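Hi,

Here is the structure I promised to send over. Have a look at it first, and then read on for my notes on its surface and its charged pairs.

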Amino acid sequence: MDERVSKVFGYIEEHKEEYISKFQKFVRQPSIAASGYGIPEMISLVMASLEELGAEPIKFENDGNPIIYAE
């Protein structure tokens with residue numbers, strides 16, 4: 001196996017519990033786009049997660065649910 005691929009798999013193995021926990025946090029957050037239920041809470045969760053990664057999220061309001069953009 002290529003050394004770079006081995007490093008990727010090593011990183012995944014070392015951090016899998018962290019990412020499983022993050023995934024569970026998103027899945028457990030109730031949100032229903034069609035009704036708007038839980039959307040403000042989900043927006044906060046997504047924006048905070050992006051900020052933790054070092055991104056600068058921007059929320060764009062519109063007639064429906066907001067759009068989050070980040071770099």
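A quick word on terms before the residues: a residue counts as buried under 20% relative accessible area, as exposed over 50%, and as partly exposed in between. By that scale Glu13 is partly exposed, because its relative accessibility is 49%. Do keep in mind that this is a predicted model.

Glu13 is a handy place to start, since its side chain meets that of Lys16 in a salt bridge, at 3.1 Å from N to O. The two residues sit three apart in helix H1, about one turn of the helix. Lys16 comes out at 35% relative accessibility, so this partner counts as partly exposed too.

How many salt bridges does the structure hold? There are four, and the Lys16 pair is one of those I looked at. Another joins Lys22 to Glu18, with 3.6 Å between the closest N and O atoms. This pair also lies in helix H1, with four residues from one to the other, again about one turn of the helix. Lys22 has a relative accessibility of 31% and therefore counts as partly exposed; Glu18, at 37%, is likewise partly exposed.

Further along the chain, Lys59 forms a salt bridge with Glu61, and here the closest N and O atoms are 3.3 Å apart. Which of the classes does each partner fall into, exposed or partly exposed? Lys59 is partly exposed because its relative accessibility is 39%, whereas Glu61, with a relative accessible area of 55%, is exposed.

Now for the surface patches. Helix H1 runs over residues 3-28 and includes Ile12. Ile12 belongs to a nonpolar surface patch of about 720 Å², together with Met1, Val5, Val8, Phe9, Tyr11 and Tyr19. As for Ile12 itself, the relative accessible area is 45%, so this residue is partly exposed.

There is a charged patch as well: Glu51, Glu52, Glu56 and Glu71 form a negative one on the surface. Of these, Glu51 can be placed in helix H2, which covers residues 39-52.

If you open the model with helix H1 in view, you can go through the Lys16–Glu13 bridge, the Lys22–Glu18 bridge and Ile12 in one go. After that, turn to Lys59 and Glu61 for their salt bridge, and to the four glutamates of the negative patch.

Let me know what you make of it.

Cheers

Key
Residues are numbered from 1 along each chain as its sequence is written. This is a predicted model: local features need pLDDT of at least 70, side-chain atom pairs count only at pLDDT 80 or more; totals for chains, interfaces and linings use all residues. Side-chain values use heavy atoms; hydrogens and water are left out. Patches are made of residues with over 30% relative accessible area and no salt bridge: like charges are joined within 9 Å, nonpolar side chains (Val, Leu, Ile, Met, Phe, Trp, Tyr) within 5 Å. Accessible areas come from the Shrake-Rupley method with a 1.4 Å probe; for residues, only the protein chains shown count as cover. Lys and Arg count as positive and Asp and Glu as negative; His and the chain ends are not counted. The place of a charge is taken as NZ of Lys, CZ of Arg, CG of Asp or CD of Glu. Buried means under 20% relative accessible area, exposed over 50%, partly exposed in between (1.4 Å probe, protein chains only).
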